[in-house]
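Colleague: Could you walk me through how the helices pack here, and what one side chain is up to?

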Amino acid sequence: CYLNIGVIYFSTGNDSKALEYIKQALKMYRAMGTKPWEGICLHNIGLVYLNQKKYFQSLNYFKQGLTIARETGLRNSEIYHLECIATVHSRLNDIPKSLAFYDKALELAEKVKSKNREASILSNLGNIYLKQKKYSLSTKSFARALSIALDLGMPNEAWVSYYGLAL
């Protein structure tokens, strides 16, 4: 219940209330020993701090969540955490680390056949390559993302890819 309330506060822009409730949920799940839910809480706290541009705090929570995802074998959760860590490094302008984490996320998404995550990661890679003026790599990433997005009927992801290809 606390987690859901926190997510609602986050979605309405009330970050301080979101943190209050999600941290309460985290405390509860830790006491109960429910690692998967603990990981979800850590991920959501990381998202709040990312939204606040508190990148190092965000990174700390995403890394904790990644550890739990790996311990519990939750591959999709692992992919999400890797993506978020990559995003934080991108925002910190640490492009080599960002690319390394996106590559790990992409490799895992391909391995577990998570096509929707694959499309998202490829779009993010396309954006990084575009900023680096590596147009060939950017085009390849966006084209792959677009193909997957169209196959899966993901209009928002397709739009991102079309836009990236147009630049």
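Modeller: Sure. One cut-off first: helix axes at an angle over 145 degrees count as roughly antiparallel. And keep in mind that this is a predicted model.

Colleague: So how are α2 and α3 oriented to each other, roughly parallel or roughly antiparallel?

Modeller: Helix α2 covers residues 15–32 and helix α3 covers residues 35–51. Their axes come within 9 Å and cross at roughly 160°. An angle over 145 degrees is the cut-off, so α2 and α3 are roughly antiparallel.

Colleague: Which class of residue has 12 members in the contact of α2 with α3?

Modeller: From α2 the contact takes in, among others, L19, I22 and L26, and from α3 residues including W37, L42 and I45. By class there are two polar and four charged residues, and the 12 are nonpolar.

Colleague: What about α3 and α4: which hand does their crossing have?

Modeller: Helix α4 spans residues 55–72, and it packs on α3 at an angle of about 160° with the axes 8 Å apart. That makes the two roughly antiparallel. The crossing of α3 past α4 is left-handed.

Colleague: Now E78: is it buried or exposed, and which side chain does its own side chain make a polar contact with?

Modeller: E78 sits in helix α5, residues 75–91. Its relative accessible area is 8%, so E78 is buried. Leaving aside neighbours within four places in sequence, E78 is in contact with L66, A69, R70 and L108. The polar contact, at 3.0 Å, goes from the E78 side chain to the side chain of R70.

Technical notes:
Residues numbered from 1 in each chain as written. Predicted model: local features only at pLDDT ≥ 70, side-chain atom pairs only at ≥ 80, totals over all residues. Heavy atoms only, no water. Axes fitted to C-alpha atoms, helices over the stretch in contact; angles between N-to-C directions. Helix = DSSP H or I, 4+ residues; strand = E, 2+ residues; numbered from the N terminus. Parallel < 35°, antiparallel > 145°, perpendicular 65-115°, else oblique. Contact = heavy atoms within 4.5 Å. Nonpolar A, V, L, I, M, F, W, Y, C, P; charged D, E, K, R; others polar. Buried < 20%, exposed > 50% of the residue type's maximum accessible area, 1.4 Å probe, protein only. Polar contact = N/O pair within 3.5 Å; in protein donor to acceptor, adjacent residues only side chain to side chain. Left-handed = near helix turned anticlockwise from the far one by under 90°.
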